[in-house]
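Let us walk through this structure together, one part at a time. Have the sequence and the 3D view open side by side as you read.

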Amino acid sequence: MKKISKLLVGTNNKGKYKEIIDLLPKYIKTHSTSEFKLKSPKEDGLTFRDNSIIKSKYFSKQIWHL
């Protein structure tokens, strides 16, 4: 199995970004969506999980267009 070496963290919130990267192994190179000037999508899901899926789908599509 291939190890993850780079990860886009789907948030523009600096505090949330730091909380997430603090949980990850240090060998993973992380990027925030703000580095790419990507605005967050409308989070209109009913749950935290729904909104996470909305954001992950949105950002995964946006990053391939850069």
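One definition will serve us throughout: a residue is called buried under 20% relative accessible area, exposed over 50%, and partly exposed in between. Please also keep in mind that this is a predicted model.

Let us start with the overall layout. The secondary structure of the protein comes to 2 helices and 2 strands, and from the N terminus on these elements follow the order β-α-β-α. The C-alpha trace spans about 35 × 25 × 25 Å along its principal axes. Of the 66 residues of the protein, 20% count as buried.

Now for the strands. How do S1 and S2 run relative to each other, parallel or antiparallel? Strand S1 (residues 6-9) and strand S2 (residues 29-32) run parallel, and 4 bridges join them. To get from S1 to S2, the chain passes through helix H1 (residues 14-23), and this β-α-β crossover is right-handed. You can find individual pairings along the two strands: Lys6 stands opposite Lys29 in S2, while Leu8 has His31 as its bridge partner in S2.

Before moving on, have a look at Lys3 and Tyr27. The charged end of Lys3 sits over the ring of Tyr27, at 4.9 Å from the centre of that ring.

Next comes the loop between S2 and H2, where two lysines deserve a visit. Lys37 is found in this loop, and its relative accessibility of 74% is over 50%, so Lys37 counts as exposed. Its backbone is worth a glance too. Most residues other than glycine have a negative phi. The phi of Lys37, however, is near 55°, a positive value in a residue other than glycine. Lys39 is also found in the loop between S2 and H2. With a relative accessible area of 66%, Lys39 is exposed. Although Lys39 and Gly10 are 29 residues apart in sequence, their C-alpha atoms are 10.0 Å apart in space.

We now reach helix H2 (residues 48-63). Its 16 residues should span 22 Å at 1.5 Å a residue, and because its end C-alpha atoms are 22 Å apart, the two values agree. Which residues of H2 are buried? They are Asn51, Lys55 and Phe59. Seen down the axis of H2, these buried residues fall within an arc of 55°, so they line one face of the helix. Turn the helix around, and the face away from the buried side carries the exposed residues Arg49, Lys57 and Lys61.

Finally, let us turn to the aromatic rings. A pair of aromatic rings is described by the distance of the centres and the angle of the planes. The count here comes to 1 aromatic pair. Why is the pair of Tyr58 and Phe59 edge-to-face? The ring centres of Tyr58 and Phe59 are 5.4 Å apart and the planes meet at 70°; edge-to-face applies to planes over 60 degrees apart, so the pair earns that name. The two residues can also be described by their accessibility. Phe59 has a relative accessible area of 3%, which is under 20%, so Phe59 is buried. Tyr58, at 28% relative accessibility, lies between the two cut-offs and therefore counts as partly exposed.

Methods: Residues are numbered from 1 along each chain as its sequence is written. This is a predicted model: local features need pLDDT of at least 70, side-chain atom pairs count only at pLDDT 80 or more; totals for chains, interfaces and linings use all residues. Side-chain values use heavy atoms; hydrogens and water are left out. Two strands pair if DSSP finds at least two bridges between them. A crossover is right-handed if, with the strands pointing away from the viewer, the path from the first strand over the helix to the second runs clockwise. Rings of Phe, Tyr and Trp (its six-membered ring) pair if their centres lie within 6.5 Å; planes under 30 degrees apart count as stacked, over 60 as edge-to-face and the rest as tilted. Buried means under 20% relative accessible area, exposed over 50%, partly exposed in between (1.4 Å probe, protein chains only). A charge sits over a ring if NZ of Lys or CZ of Arg is within 6 Å of the ring centre and within 35 degrees of the ring normal. The expected span of a helix is 1.5 Å times one less than its number of residues. The arc is that of the directions from the helix axis to the C-beta atoms.
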